[in-house]
Structure formats: C-alpha cells, structure tokens
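Colleague: I'd like to go through this model with you and hear the reasoning behind the labels. Could you put it up?

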Amino acid sequence: MAVPRLRAYEGPAVLSYGFRPFFLLGAAYSGLSILAWLPIYMGLLETRSLFLPVDWHVHEMLFGFLAAVVAGFLLTAIPNWTGRLPVQGTPLAVLVALWIAGRVAIYYSASLGWWQAAIIDNAFLVALTLAAVREIVAGRNWRNLKVLMPLAVLLLANILFHVEVQTAGISDVSRRLGLCAAIVLIMIIGGRIIPSFTRNWLVRENPGRLPVPFGQYDVASLVVSTAALTLWVFLPEALLTGVLLAIAAVSQAVRLTRWAGERTVRDALVLMLHIAYAFVPFGLGLLALSALLPESVPQAAGFHALGGGAIGAMTLAVMMRATLGHTGRMLKAGLAGGVIFGAVCVAAIVRVWAAFEPGLAWVHISGTAWMIAFLGFALLYSPALLRARRSS
C-alpha cells in the first residue's frame with residue numbers, strides 16, 4: 001500500500017508542510033537581516049543585542065537563516081525517508097513560533113539578559129532535533145540518523161556561541177563550529193541529491209555518462225573533509241590544518257567532477273546544484289591557503305566562500321527546486337530563477353574579493369546582490385508557498 005503523504009488537513013496551506021513556512025521566512029529574513037546589517041556595519045544603526053555587530057550578523061546567518069532552511073528541508077525529507085506523515089498544522093506552527101521568538105530574543109538580548117535570550121534562541125533547534133529524531137526512530141530509518149549529527153553539532157555551536165559571547169565578549173570557536181556543521185551537512189545531503197537529480201535528468205534527457213554511484217571514494221572524502229574542518233575549528237592557523245584542508249579541497253573537487261555536472265547545462269535547476277557545491281572545494285582551498293600563507297590569504301576569504309557561497313547558493317538552489325517540485329509546478333528555473341541564483345553567486349564572489357581588497361563599496365555590492373537573491377526568492381515563490389499544491 002502506498003503511504004499517505006498528508007493527513008486530512010483544512011488549515012492554512014502554509015502550515016501543510018515544513019518547507020512552506022521555513023523556506024519563506026528563512027529567505028525573507030536572510031534578505032532583511034542584510035538590509036539591516038549594511039547600516040549596522042557602517043555604524044549608522046545599533047541593535048539592542050548583547051552581541052557585537054559582527055557576532056549578530058554571523059549568528060543570524062548561521063543559526064537564524066540557515067537553521068530555518070535546514071528545518072524546512074528536514075521536515076520535508078524525513079517523511080519521504082520514513083514513510084511517516086509530515087509535521088503540519090499546530091505542531092508546525094509551534095516550531096515556527098519558536099524560530100521567530102529566537103530572532104526577537106537575539107535582537108533584544110540586552111533587555112532580556114544573556115541566559116534568557118540563550119534559552120529562547122536554542123529552544124527552536126532543540127525542538128527541531130527532538131522532532132527529527134522521533135520521526136526517524138519511529139520510522140526505524142536508522143541509516144538517516146547520521147544526517148542529524150551535523151544538526152546536533154549546530155545546536156552545540158549555538159549554545160557555545162552564547163557562552164563565548166558572555167565570557168569572552170566575542171565568538172570564536174563557536175562561529176567556526178557552526179560553519180563546520182553546515183558544510184558537513186551540505187557534503188552529506190549534496191552527495192545524495194546532486195548525483196540523484198543529475199542521474200534522473202540525464203537518463204531521461206541526455207543519455208551517456210552518468211554520475212558515479214556513492215562509494216568508498218565518497219566516504220573517504222567525507223572523512224578527510226570533516227577531519228580537516230574539525231581541526232580548523234580548534235586550530236585554524238596550524239600547518240597540519242592547512243595541509244588537511246588542501247587535501248579536503250582537492251578531494252571535494254574531484255568528487256564534484258564525478259557527478260557529470262558539465263552534462264546538465266540544459267537544465268538550470270540541476271546545474272545550479274553543481275555550481276553551488278563548487279563553493280565547497282573553493283572555500284576549503286581558501287581556508288587551506290589562509291593557514292599555509294596567512295600573510296597573503298585572510299581567513300575571512302574562506303569563511304565567506306563557504307558561508308556566502310556554499311551555504312547561500314546551495315540553500316537557494318535547494319529551496320527553488322523543492323518548492324517547485326512539492327507544489328506541483330514545472331521544474332523550470334526560468335529567467336527570474338536564473339537571475340536570483342546568479343545574484344547569490346555574485347554576492348559570494350564579491351564578498352570573498354572584499355576580504356583581499358577591503359572597501360565599503362564591495363560590501364554594499366555583495367549585500368545588495370544577496371538581498372536581490374533572497375528577497376527575490378521570497379517574492380517570486382511566495383505564491384507557491386502560500387497556496388495549496390496544484391493537482392497533477
């Protein structure tokens with residue numbers, strides 16, 4: 001018997017599936033937070049947060065925006081993995097409320113107090129992790145428990161972020177740990193969906209060389225890359241860190257070439273996933289150079305290549321494809337989709353350049369491109385996310 005995909009549900013369409021509220025809110029918040037960040041960066045606007053401005057910016061990108069997109073993805077993917085019914089309606093609304101409360105608590109943490117803000121902020125990731133574990137365990141889908149390990153590390157990084165800010169005045173290890181968790185998650189999930197979507201399209205539209213199936217090379221590449229990033233979290237400037245990061249960068253670049261991305265140029269949605277993943281070896285390579293040649297390559301270059309590039313481009317590409325597919329629309333990016341994806345790539349590349357050539361103009365260009373990408377997504381895809389699924 002086919003597993004029913006949804007319960008009988010008569011509430012708002014936006015609460016019928018996890019990707020709907022979290023993709024919309026995450027994208028909108030990402031763009032709006034950068035809109036606020038630019039005047040904050042110039043000293044023209046102050047938050048009422050206990051965090052330094054740069055910490056507020058880093059925190060809200062990793063534990064605000066990214067956490068929302070991860071929630072939308074997991075709450076949509078887990079029912080497919082387990083055959084169980086999705087979280088929807090009131091339980092989903094509670095998760096959304098917890099996420100929103102966290103954003104407010106961080107912005108007004110100077111009034112709330114640090115531990116009160118920390119509890120409110122972390123409540124969302126705790127609830128999301130427990131919900132994901134419950135569904136996977138109840139569905140006896142043991143092999144996907146490993147996907148939740150980066151989520152647990154992201155939660156740990158968020159807790160540590162608050163502690164570091166309170167005790168040291170600025171985040172350090174915690175911001176790198178959060179980025180590490182995000183990139184490992186991209187390497188795991190990307191290694192599943194990119195070859196799968198590529199294979200499906202190639203078999204149907206462009207027969208020939210297909211992506212290499214997941215195998216020992218992928219396992220070895222994930223292990224060395226995770227080890228390199230873990231070492232970078234604690235010893236970012238060590239020689240061994242630089243060597244391992246360089247090996248990781250090469251291994252991830254080779255891994256990407258095994259997925260036949262060059263054969264997907266006629267399907268923008270698939271090609272976007274390959275382009276987004278390319279920021280992973282690019283960022284790892286920059287981090288390696290910053291450890292090996294610290295006087296020539298700043299740490300910020302690799303950080304923004306991974307944060308703005310790998311996270312920004314991959315989340316946007318996944319949100320576009322998932323929204324179209326799960327709302328019964330054609331899997332076509334269209335001109336507008338190409339523009340917003342191009343904008344996020346420009347934002348990342350320009351921000352990396354700004355690490356080498358500091359200048360307010362570069363930051364403004366990057367920020368503007370980022371806002372075009374994510375506010376553009378929120379505007380273009382809100383009709384699909386807010387309305388009931390189209391019948392096939």
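Colleague: Why does Arg140 count as exposed?

Modeller: Keep in mind that this is a predicted model. Arg140 has a relative accessibility of 63%, and exposed means over 50%, so Arg140 gets that label. Arg140 sits in the loop between helix H5 (114-138) and H6.

Colleague: What is the phi of Arg140?

Modeller: Phi is positive there, about 50 degrees, although Arg140 is not a glycine. Ala260 is another non-glycine residue with a positive phi, near 60 degrees. Ala260 is in the loop between helix H9 (239-257) and helix H10 (268-292).

Colleague: Is Ala260 buried or exposed, and how do you know?

Modeller: Buried. The relative accessible area of Ala260 is 0%, and the cut-off for buried is under 20%, so the label follows.

Colleague: What makes Pro53 partly exposed?

Modeller: Pro53 has a relative accessible area of 39%. Buried needs under 20% and exposed needs over 50%, so Pro53 falls in between. Pro53 belongs to helix H2, and its C-alpha is 9.9 Å from that of Ile170, with their positions 117 residues apart in sequence.

Colleague: And Met149, why is that one called exposed?

Modeller: For Met149 the relative accessible area is 56%, and the line is drawn at over 50%, so Met149 counts as exposed. Met149 is part of helix H6 (residues 148-168). From Met149 to Ala248 is 99 residues in sequence and 20 Å in space, C-alpha to C-alpha.

Colleague: On to the cysteines. How many disulfides does the structure hold, and how do you know?

Modeller: Zero. A disulfide needs a pair of cysteine sulfur atoms within 2.5 Å, and the structure holds no such pair.

Colleague: Why are Cys180 and Cys345 called buried?

Modeller: Cys180 is at 6% relative accessibility and Cys345 is at 12%. Buried means under 20%, so both cysteines get the label.

Colleague: Now H7. Why do you say H7 is largely enclosed by the rest of the structure?

Modeller: Because 25 of the 33 residues of H7 are buried. H7 covers residues 173-205 and reaches 46 Å from its first C-alpha to its last, close to the 48 Å expected.

Colleague: Where is the kink in H7 centred?

Modeller: On Gly190, with an angle of about 35 degrees.

Colleague: What makes H11 largely enclosed too?

Modeller: In H11, 24 of the 28 residues are buried, so the rest of the structure largely encloses this helix. H11 reaches 38 Å from first C-alpha to last, close to the 40 Å expected. Just after H11 comes Gly328, with a positive phi of about 75 degrees.

Colleague: How many cavities of 30 Å³ or more are there?

Modeller: A search of the whole structure finds two. The largest has a volume of about 200 Å³. Among its 13 lining residues, Val70, Leu185, Ile186, Met314 and Thr315 are the closest to its centre. H2, H7 and H11 each give two or more residues to that lining, and H7 gives the most, with six.

Colleague: What makes these cavities and not pockets?

Modeller: A cavity is a set of points where a 1.4 Å probe fits but cannot get out, whereas a pocket is open. The search places these two in the cavity class, so a probe set inside either one cannot get out.

Colleague: Which classes of residue line the largest cavity?

Modeller: There are 11 nonpolar residues, two polar and no charged. The second largest cavity, at about 40 Å³, has seven nonpolar, no polar and one charged.

Colleague: Which residues line the second largest cavity, and what makes one of them charged?

Modeller: The lining includes Leu74, Pro86, Val87 and Glu135. Glu counts as charged, so Glu135 is the charged one. H2 gives the most to this lining, with four residues.

Colleague: And what is the volume of the largest pocket?

Modeller: About 750 Å³. The largest pocket is lined by 31 residues, with His57, Val58, Phe303, His304 and Arg351 nearest its centre. By class, the lining has 20 nonpolar, seven polar and four charged residues.

Note on methods:
Residues numbered from 1 in each chain as written. Predicted model: local features only at pLDDT ≥ 70, side-chain atom pairs only at ≥ 80, totals over all residues. Heavy atoms only, no water. Expected span 1.5 Å × (residues − 1). Bend = angle between axes of the 7 residues up to and from the residue. Buried < 20%, exposed > 50% of the residue type's maximum accessible area, 1.4 Å probe, protein only. 1 Å grid on protein atoms, 1.4 Å probe; cavity = no way out; pocket = protein on both sides within 12 Å on 5 of 7 lines; lining within 4 Å. Points joined across faces, edges and corners; volume = space filled by probe spheres on them.
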